[in-house]
Amino acid sequence: MKVIDGHCDVLLKMYLDPEIDFYDVHTSPMDVTYSRMLHSNVKLQCFAIYLPERITQPHFDHYLEYINIFYQKIVRSGLIQAVKTRGDLELVMNGRVPGALLTLEGADALYGNPLYTRTLYHLGVRMIGVTWNYANWAADGVLEPRQGGFTRKGKSFIKDCNDLGILLDVSHLSEAAFWDLAAASAKPFVATHSNVKRLCGHPRNLDDEQIRALIRVDGRIGVTFVPWFVESSGKASVDDVVRHMEYICALGGERQLVLGSDFDGIDRHIPGLEHTGQYDRLAEALYKKFTKEQIEGFFYKNWHTFLSQHLPIH
C-alpha cells in the first residue's frame with residue numbers, strides 16, 4: 001500500500017548533526033530513512049523546517065540552512081524527487097522515485113515580511129504551520145499563556161499564503177488562533193499532526209468542533225504517533241492510534257483523515273510504530289475495523305486528493 005506522511009523532523013536532526021546520512025541505513029539514527037521509505041512504499045514524505053528552541057533569535061538564514069540540507073542531502077536525481085507542483089506529485093505517485101515536500105513549522109523568522117514568504121515559496125515550501133507552541137509576530141501557539149489569536153500582520157500573512165498557494169497548518173495554534181484562521185482563510189487548511197482531544201486531553205489535540213471545522217472545509221487531519229498525544233499516560237499502542245482514527249471517522253471525517261507521524265520529532269515511540277518502515281503494523285490493526293478502500297484513503301488517497309487540488313499547477 002502507498003503512504004503519504006504529512007510531517008517529520010528529519011531536517012532538524014540533520015541540522016543538529018551534519019554527519020547524519022539520510023541514505024545510510026546502517027549508521028542513521030533517524031526514524032525516517034531512504035531505505036525505510038522504500039520498504040513501506042512511502043510515495044511522499046513531508047519534511048518540516050523546525051528551528052530548535054535553543055535558537056532564541058531566529059533569522060531567515062536559518063531557514064535557508066535547512067533548505068540547503070534538503071536539496072543537498074535529501075533530494076537526489078533518481079532517488080528522491082522534490083515535489084512543488086501537481087505534476088511533480090503525479091510523477092511520484094505513479095512512478096518509482098518517491099517524493100519530498102518542504103514545509104515550515106513556525107513562521108517566527110518571517111517577521112511579517114511578504115518577501116520572505118514569497119522567497120520560501122520559490123524555494124519549494126508548500127505548507128506552513130504559523131506557530132510552534134508559543135507566540136510569534138503572527139499568532140499565539142497552543143501553549144502560550146494568554147491564548148490569543150492572530151495579529152493584524154498575521155491575518156495579512158494568511159492572505160499572502162492563500163494567494164501564493166502555500167497551505168496552512170493549524171497543528172500548533174492556540175484555540176483562538178485556530179478559529180481566526182478558519183474565519184480568515186479563503187482556502188482549506190490542515191492539521192498535519194494532531195489527534196483527538198476527547199480521547200487524550202493533550203493541549204495539542206483537537207476538540208470535536210475543531211475536527212468538524214476541518215471536515216466542513218474539506219481540510220485534512222493527520223493522526224500522529226506521538227505517544228502522549230495518543231494516550232494520556234504516554235503508554236500508547238497501535239490499537240490506541242486506531243481509536244483516534246475511528247473517532248474522527250465517526251464525526252464524519254473519513255475522507256479528511258490522513259497520516260502525520262511526527263517521526264524524528266519524538267524521543268519515545270509507540271511499540272510497533274518506531275519508524276517509517278512499520279506502516280504495515282498500523283495497516284494490520286486497521287484491517288480489523290476498516291475496509292481496504294478506507295485504509296487506502298487514510299494512508300495516501302486523502303492526502304493525494306487534497307494536494308492534487310491545492311498544489312500549484314506550475
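These legends describe close-up views of a predicted model.

**View 1. Two cysteines, Cys8 and Cys46, without a bond between them.** The structure holds 0 disulfides. The sulfur of Cys8 has its closest cysteine sulfur in Cys46, at 8.2 Å. A disulfide needs sulfur atoms within 2.5 Å, so the gap of 8.2 Å is too far for a bond. Seen from Cys46, the closest cysteine sulfur is that of Cys8. Cys8 is buried, at a relative accessible area of 0%. Cys46 is buried too, at 2%.

**View 2. Asn41, a residue with positive phi.** Asn41 sits in a loop. Helix H2 (34–39) and strand E2 (42–49) flank this loop. The phi angle of Asn41 is near 55°. That is a positive value, and the residue is not a glycine. Asn41 is partly exposed, with 31% relative accessibility.

**View 3. Asp264, with positive phi in a loop.** The loop runs between strand E9 (257–259) and helix H11 (279–286). Phi of Asp264 is near 70°, again in a residue other than glycine. Is Asp264 buried or exposed? Its relative accessibility is 3%, so Asp264 counts as buried.

**View 4. Ile74 in the largest nonpolar core.** This core has 107 residues. Ile74 is one of those with the most contacts inside the core. The others named with Ile74 are Phe22, Leu110, Leu282 and Phe299. Which residues does Ile74 touch, leaving aside those up to four places away in sequence? The contacts include Val10, Leu11 and Met14. Phe22, Tyr23 and Phe47 also touch Ile74. Ile69, Ile80 and Ala100 complete the list.

**View 5. Met245 and its contacts in helix H10 and beyond.** Helix H10 covers residues 238–250 and holds Met245. Met245 is buried, at 0% relative accessibility. Residues up to four places away in sequence are not counted among its contacts. With those set aside, Met245 touches Val223, Leu257, Leu259, Leu282, Leu286, Phe290 and Phe298. Leu282 also appears among the residues with the most contacts inside the largest nonpolar core. Val196 lies 49 residues from Met245 in sequence. In space, the two are 8.6 Å apart, C-alpha to C-alpha.

**View 6. His172, a buried loop residue.** The loop that holds His172 lies between strand E6 (167–169) and helix H7 (175–184). His172 has 7% relative accessibility and counts as buried. Its side chain is joined to that of Glu105 by a polar contact of 2.8 Å. What else does His172 touch, not counting residues up to four places away in sequence? Thr131, Trp132 and Asn133 are among its contacts. So are Gly141, Val142, His193 and Arg204.

**View 7. The largest cavity and its lining.** The count comes to 1 cavity of 30 Å³ or more. About 50 Å³ of space lies in the largest cavity. Which strands each supply at least two residues of its lining? They are strand E4 (99–105) and strand E5 (125–129). The lining includes Thr103, Leu104 and Glu105. Met127, Ile128 and Gly129 line the cavity as well. Gly6, His7, Asp169 and Thr192 are also part of the lining. Glu105 links this view to the one before, through the polar contact of its side chain with His172.

Technical notes. Residues numbered from 1 in each chain as written. Predicted model: local features only at pLDDT ≥ 70, side-chain atom pairs only at ≥ 80, totals over all residues. Heavy atoms only, no water. Buried < 20%, exposed > 50% of the residue type's maximum accessible area, 1.4 Å probe, protein only. Helix = DSSP H or I, 4+ residues; strand = E, 2+ residues; numbered from the N terminus. Core = buried A, V, L, I, M, F, W, Y, C linked by side-chain atoms within 4.5 Å. Contact = heavy atoms within 4.5 Å. Polar contact = N/O pair within 3.5 Å; in protein donor to acceptor, adjacent residues only side chain to side chain. 1 Å grid on protein atoms, 1.4 Å probe; cavity = no way out; pocket = protein on both sides within 12 Å on 5 of 7 lines; lining within 4 Å. Points joined across faces, edges and corners; volume = space filled by probe spheres on them.
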